[in-house]
Amino acid sequence: MSAYKEKVNFSFNDVRLEAKEGQTVAAALYENDYKKLGTTRKYQRPRGLFCATGRCYSCLLTVNDQNNVLSCMTLVEEGMSVKSNQS
Ligand code: FES
């Protein structure tokens with residue numbers, strides 16, 4: 001029996017996606033094949049899930065209009081709007 005019980009709908013860059021209840025935003029995006037979550041400001045280098053422990057700041061996203069949220073430490077919620085940090 002799976003630990004996850006319900007599906008949760010959220011959006012990433014205005015694309016509707018599905019996650020499992022209890023997943024972090026980063027895990028849900030990774031499962032939906034979004035490996036690149038954003039880019040660095042200066043050189044536009046790709047950034048994505050790296051440490052998954054909240055220590056590297058590689059997974060910063062905008063969640064419900066709040067900037068610089070650690071997506072690997074934030075649980076996905078129904079109707080959540082997630083966007084890449086735009087530079
Ligand atoms: S992946 Fe390192 S802080 Fe989220």
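Me: In the hairpin of β5 and β6, which residue takes a positive phi near 50°?
Reply: This is a predicted model, and its hairpin of β5 and β6 has 2 residues between the strands. The two strands pair in the antiparallel sense over 3 bridges. The residue in this hairpin with a positive phi near 50° is N64.

Me: What is the bridge partner of V63 in β6?
Reply: The strands β5 and β6 are antiparallel and share 3 bridges. One residue that takes part in this pairing is V63, and its partner in β6 is Q66.

Me: Which residue in the loop between β5 and β6 has its place there and has a positive phi of about 65°?
Reply: The loop lies between β5 and β6, the latter spanning 66-70. The residue in question is not a glycine, although its phi is positive. Its relative accessibility is 73%, so it counts as exposed. The residue is D65.

Me: Where is A52, whose phi is near 60°?
Reply: A52 is a residue other than glycine with a positive phi. Its relative accessible area is 44%, so A52 is partly exposed. Its place is in the loop between β4 (46-47) and β5.

Me: How many salt bridges does a search of the whole structure find?
Reply: One salt bridge joins K83 and D14. Another joins E31 and K20, and the side chains of D33 and K35 also meet in one. The search of the whole structure gives a count of 3.

Me: How many residues apart are K83 and D14?
Reply: The closest N and O atoms of K83 and D14 are 3.2 Å apart, and the two residues form a salt bridge. The pair links distant parts of the chain, with K83 in strand β7 (residues 80-84) and D14 in the loop between β1 (7-12) and β2 (15-20). Along the chain, their separation is 69 residues.

Me: Is D14 buried or exposed?
Reply: Its salt-bridge partner is K83, which is partly exposed at a relative accessible area of 30%. For D14 the relative accessible area is 61%. Exposed means over 50%, so this value places D14 in the class called exposed.

Me: Which parts does the salt bridge of E31 and K20 tie together?
Reply: The closest N and O atoms of E31 and K20 are 2.9 Å apart. E31 is partly exposed, with a relative accessible area of 42%, and K20 is also partly exposed, at 25%. The two residues are 11 residues apart in sequence, and their salt bridge ties together helix α1 (residues 25-31) and strand β2.

Me: What is the N to O distance in the salt bridge of D33 and K35?
Reply: D33 counts as exposed, at 60% relative accessibility. K35 counts as partly exposed, at 41%. Their side chains meet in a salt bridge, and the N to O distance is 3.4 Å.

Me: Which element gives the most to the largest nonpolar core?
Reply: The largest nonpolar core has 18 residues, and those with the most contacts inside it include F10, V25, L29 and V82. Two or more residues come from each of β1, β2, α1, β5 (60-63) and β7. With 4 residues, the element that gives the most is α1.

Me: What is the count of disulfides?
Reply: C51 is partly exposed, with a relative accessible area of 26%. C59, in contrast, counts as buried at 2%. A disulfide requires a pair of cysteine sulfur atoms within 2.5 Å, and by this rule the count is 0.

Me: In β7, which residue is the bridge partner of L61?
Reply: The strands β5 and β7 pair in the antiparallel sense over 3 bridges. The partner of L61 is found in strand β7 and is buried, with a relative accessible area of 12%. That partner is S84.

Me: Which residue has its backbone oxygen 2.8 Å from a polar atom of the side chain of S84?
Reply: S84 is a residue of strand β7. Not counting residues up to four places away in sequence, S84 touches F12, N13, L37, G38, L61 and T62. The backbone oxygen that lies 2.8 Å from a polar atom of the S84 side chain belongs to L37.

Technical notes
Residues numbered from 1 in each chain as written. Predicted model: local features only at pLDDT ≥ 70, side-chain atom pairs only at ≥ 80, totals over all residues. Heavy atoms only, no water. Salt bridge = Lys/Arg side-chain N within 4 Å of Asp/Glu carboxyl O. Buried < 20%, exposed > 50% of the residue type's maximum accessible area, 1.4 Å probe, protein only. Core = buried A, V, L, I, M, F, W, Y, C linked by side-chain atoms within 4.5 Å. Pairing = 2+ DSSP bridges. Polar contact = N/O pair within 3.5 Å; in protein donor to acceptor, adjacent residues only side chain to side chain. Contact = heavy atoms within 4.5 Å.
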